[in-house]
Number of protein chains: 4
Amino acid sequence: MKSSRRGLRTRKPRQRRSRQTVEAILDAVVRILKREGFDSVTTNRIAEVAGVSIGSLYQYFPDKKAIFVALHARHLEHIDRVIQSTLVEHASSRLDTLLGAMVDAMIEAHLDDPELYELLATEVPHGADGAKHFAERLHSVFRLALASRAQELKESRDLDSLSFVVAHMVESLCHGALSRRPPGMSLRDAKTQIVRALMAYLRA
Amino acid sequence: MKSSRRGLRTRKPRQRRSRQTVEAILDAVVRILKREGFDSVTTNRIAEVAGVSIGSLYQYFPDKKAIFVALHARHLEHIDRVIQSTLVEHASSRLDTLLGAMVDAMIEAHLDDPELYELLATEVPHGADGAKHFAERLHSVFRLALASRAQELKESRDLDSLSFVVAHMVESLCHGALSRRPPGMSLRDAKTQIVRALMAYLRA
Amino acid sequence: MKSSRRGLRTRKPRQRRSRQTVEAILDAVVRILKREGFDSVTTNRIAEVAGVSIGSLYQYFPDKKAIFVALHARHLEHIDRVIQSTLVEHASSRLDTLLGAMVDAMIEAHLDDPELYELLATEVPHGADGAKHFAERLHSVFRLALASRAQELKESRDLDSLSFVVAHMVESLCHGALSRRPPGMSLRDAKTQIVRALMAYLRA
Amino acid sequence: MKSSRRGLRTRKPRQRRSRQTVEAILDAVVRILKREGFDSVTTNRIAEVAGVSIGSLYQYFPDKKAIFVALHARHLEHIDRVIQSTLVEHASSRLDTLLGAMVDAMIEAHLDDPELYELLATEVPHGADGAKHFAERLHSVFRLALASRAQELKESRDLDSLSFVVAHMVESLCHGALSRRPPGMSLRDAKTQIVRALMAYLRA
DNA sequence: CATGAATGAGTGTTCATTCAT
DNA sequence: AATGAATGAACACTCATTCAT
């Protein structure tokens, strides 16, 4: 065990440095995006703000688009991780508890930087693939969640249909709750409504 | 009288020409976007494909961004028109009929060019304002639709909450139905599920 | 006589209109130059400010450069006229009186718009010919002025040399007096010095 | 020691290279101006003729205007240097000798490229500031020159007035001598007249 | 003659990318 | 691996000029 950790150590620092550099670059993009707008997101400025040379930047990313892809991927992976761990944590909870937790997780995951998602969605180009891929992930997660709770659902319902609808509702309503909820509606209110809508559909 | 008609004649064609030119330019963007990709959408290429001179293009749009804004606006206005006329047409229909019609309208509005919406959403930069504005329009429409059907809803429900949820569900699920529905699910199936989800929520 | 006047009448209004239009155009250039800077002096803007159509502008000037040439010519002709009438007015004055009058005329000619000359000289392109031509005019004027006052000069002096020096001194010192005289020196002081310098040279 | 020399070596060449590149660019402007006319002076052509990439050109100059400013500044600095070293060289010469040397210096400074000055003055845009600044420099130089020769002047004379007049006379007459002297007048003749005029004024 | 919409060649400038050090 | 000066293709946009009405 020790030796294996040693073996890793000589490699890991490099990998860790790489990871840090990549993170620094992605963070730089976000920072520029917020402070100076999309037009200022040039590769040279990214490198400058990230504190690396433009040459190094191109060691980590083949071209500019790859940076945006990575940025979206990082965001999506973050959500993915949160969603997935919520799924596992509530493996044996009742359906409404699970859905509540899911909605909470989704909202909380965006709460540390509420404007970032808007920015990513509206300003940073992202091939349709990315969005589709994420939708499929979410679909899978909810399919899994619902499959193991078949007893709480009418047996006549098609699992694919249910998870398709649920996944879209969760994504759309959580984002809406964060940035477009009507004045007078709190985040708590929003969450209550979202879960109510989800449960109403699943029990219909 | 003659002269007054002349006066009109010389004006209207111009307005019509203007409108046509603007349309030609926006269509050109769409065509290039589909055939050559976003990177080929240069102002010179737009002008070329639209069959106008680059100078004329800049007589109609102050800069490149304005073209994208107009393109999004055109799309949103189209949807808006469709949604609104559906609302009016079904002024006296029952709620489920209205919602079914709304979903139909939304889907049909995208059906003539299914990939366009994806392209607009993912490739063409659009300030967050546009999206927010559209969300608010949709919210208003559904608020109106639900307000006049208070008797079909439990009186305890808050109209803003309801329309917030419904608007988001309709938008997200219709788009999802068009481009991300699971294999094996038809558009008809999707529509059925969407309406079922909407009604379940509203009746819950 | 009558008929000839008639003949003139039908023509003159046109010539007068032409002249007015040309003046309006040149005035527009000056106005734009002062208010918006040289970069804003475009043919379209000139036409706009002059209150004529761009098409008309090109009826009076073959191209943009011609406008600048005309503008310089107008200024130079103005000075020329002033200088020449001063020469005539003081045909029988003593030399120092004449020179004083010349300096006065030169300065007064610029006094109604002191910054215009700077602008013309520094911002508006003017082929070297224009400057040379003006220098020659001035040279001629002073040659004439000095020739008829040979008795006030030492006979040994070469008239060309004298007028060359005098012409340059007058031009340079008058412009300098207007825009670059040291703080504490009034225009009157400047004039006194200029005349003193001229007379000293001529009597040396 | 070695390393410190290395440190210097790697720096100095860069500074020298920078200077050389800037010079190459300014020289390119002059060359194009003479050979192809002002309209051909485009940034891309400048870069081409200077043998640098357009990108590099923009590393040295923020925009096109800055190139013209630098070009004028280079010329003015050259004159300035010549004038100043003449002043120092003749620190203890008599006034007429000094003025003669000044006129010589001024003329010689333009003699290597007589048409350049005309071109700069007539074709290359130059904010009035540049001219004013140069005039002030010249004024200062002559103020200094005259101040230390108070004994050669009548004590009643105001130093500012004298240097104002002298500076303008030198500049204007030297330029005139170079490009507008009457036929039959040699450069030597011109110089004689200029010095005579200067001395006459100062002794008057 | 007047108009001003239309033209499109040509410009200044940017910025993704490379590569010698 | 890191650097960052250098590159130059490509772009958005302007504006002098034309010509159909």
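## Around DNA strand F

The largest contribution to the surface near DNA strand F comes from α3(D), which gives five residues. Keep in mind that this is a predicted model. In total, 27 residues sit around DNA strand F, and the ones that come nearest are Y58(B), K64(B), T43(C), K64(C) and S56(D). By class, the residues of this surface split into eight nonpolar, 13 polar and six charged. On the DNA side, sugar or phosphate supplies 56% of the atoms of strand F that lie within 4 Å of the protein, and bases supply the rest.

A few polar contacts are worth a look. With T43(C), a backbone N or O atom is 2.5 Å from a phosphate oxygen of DNA strand F. R17(D) uses its side chain instead: a polar atom there is 3.4 Å from a phosphate oxygen of the strand. G55(D) meets a base, with a polar backbone atom 3.2 Å from a base nitrogen of DNA strand F. As for elements that give two or more residues to this surface, the list runs to α3 (54–60) of chain A, α2 (43–50) and α3 (54–60) of chain B, α2 (43–50) and α3 (54–60) of chain C, and α3 (54–60) of chain D.

## Around DNA strand E

Now for the other strand. DNA strand E has 28 residues around it, and T43(A), K64(A), S56(B), Y58(D) and K64(D) come nearest. Of the strand E atoms that come within 4 Å of the protein, 56% belong to sugar and phosphate. The protein surface here has nine nonpolar, 14 polar and five charged residues.

Side chains make the following contacts. Y58(D) places a polar side-chain atom 2.5 Å from a phosphate oxygen of DNA strand E. S53(B) also reaches a phosphate oxygen of the strand, at 3.0 Å from an N or O atom of its side chain. N44(D) goes for a base: an N or O atom in its side chain is 3.4 Å from a base nitrogen of DNA strand E. The elements giving two or more residues to this surface are α2 (43–50) and α3 of chain A, α3 of chain B, α3 of chain C, and α2 (43–50) and α3 of chain D.

## Chains A and B

Lay chain A on chain B and you get an RMSD of 0.1 Å, using a turn of 180° and a shift of 0.1 Å along the axis. The two copies are therefore related as by a two-fold rotation axis. Within chain A, A200(A) comes closest to that axis, its C-alpha being 2.6 Å away. Both copies use the same surface, as 97% of the contact residues of chain A recur in chain B.

The contact draws 35 residues from chain A and 34 residues from chain B. Between them the two chains bury about 3000 Å², with carbon and sulfur atoms giving 67% of that area. On the chain A side, T122(A), F164(A) and R180(A) supply 20% of the area buried against chain B, more than any other three residues.

## Chains C and D

Here too, one chain can be laid on its partner: chain C goes onto chain D with an RMSD of 0.1 Å, by a turn of 180° and a shift of 0.1 Å along the axis. A200(C) is the residue of chain C that comes closest to the rotation axis, at 2.6 Å by its C-alpha. Because 97% of the interface residues of chain C are also interface residues in chain D, the copies meet through the same surface.

In this pair, 35 residues of chain C are in contact with 34 residues of chain D. The chains bury about 3000 Å² between them, 67% of it on carbon and sulfur atoms. T122(C), F164(C) and R180(C) lose the most area to chain D within chain C, together 19% of what that side buries.

## Two residues up close

H139(B) lies in helix α7 (residues 128–147) of chain B. With a relative accessible area of 14%, H139(B) is buried. Beyond its neighbours within four places in sequence, H139(B) is in contact with P182(A) from the partner chain, plus D160(B), S163(B), F164(B) and A167(B).

E115(A) belongs to helix α6 (residues 114–122) of chain A. Its relative accessible area is 42%, so E115(A) counts as partly exposed. E115(A) is 92 residues from E23(A) in sequence, and their C-alpha atoms are 19 Å apart in space.

How values were computed
Residues numbered from 1 in each chain as written. Chains lettered and ligands numbered in written order. Predicted model: local features only at pLDDT ≥ 70, side-chain atom pairs only at ≥ 80, totals over all residues. Heavy atoms only, no water. Helix = DSSP H or I, 4+ residues; strand = E, 2+ residues; numbered from the N terminus. Buried < 20%, exposed > 50% of the residue type's maximum accessible area, 1.4 Å probe, protein only. Contact = heavy atoms within 4.5 Å. Near = heavy atom within 4 Å. Polar contact = N/O pair within 3.5 Å; in protein donor to acceptor, adjacent residues only side chain to side chain. Nonpolar A, V, L, I, M, F, W, Y, C, P; charged D, E, K, R; others polar. Least-squares fit on C-alpha atoms with pLDDT ≥ 70 in both. Buried area = accessible area lost by both parts, 1.4 Å probe.
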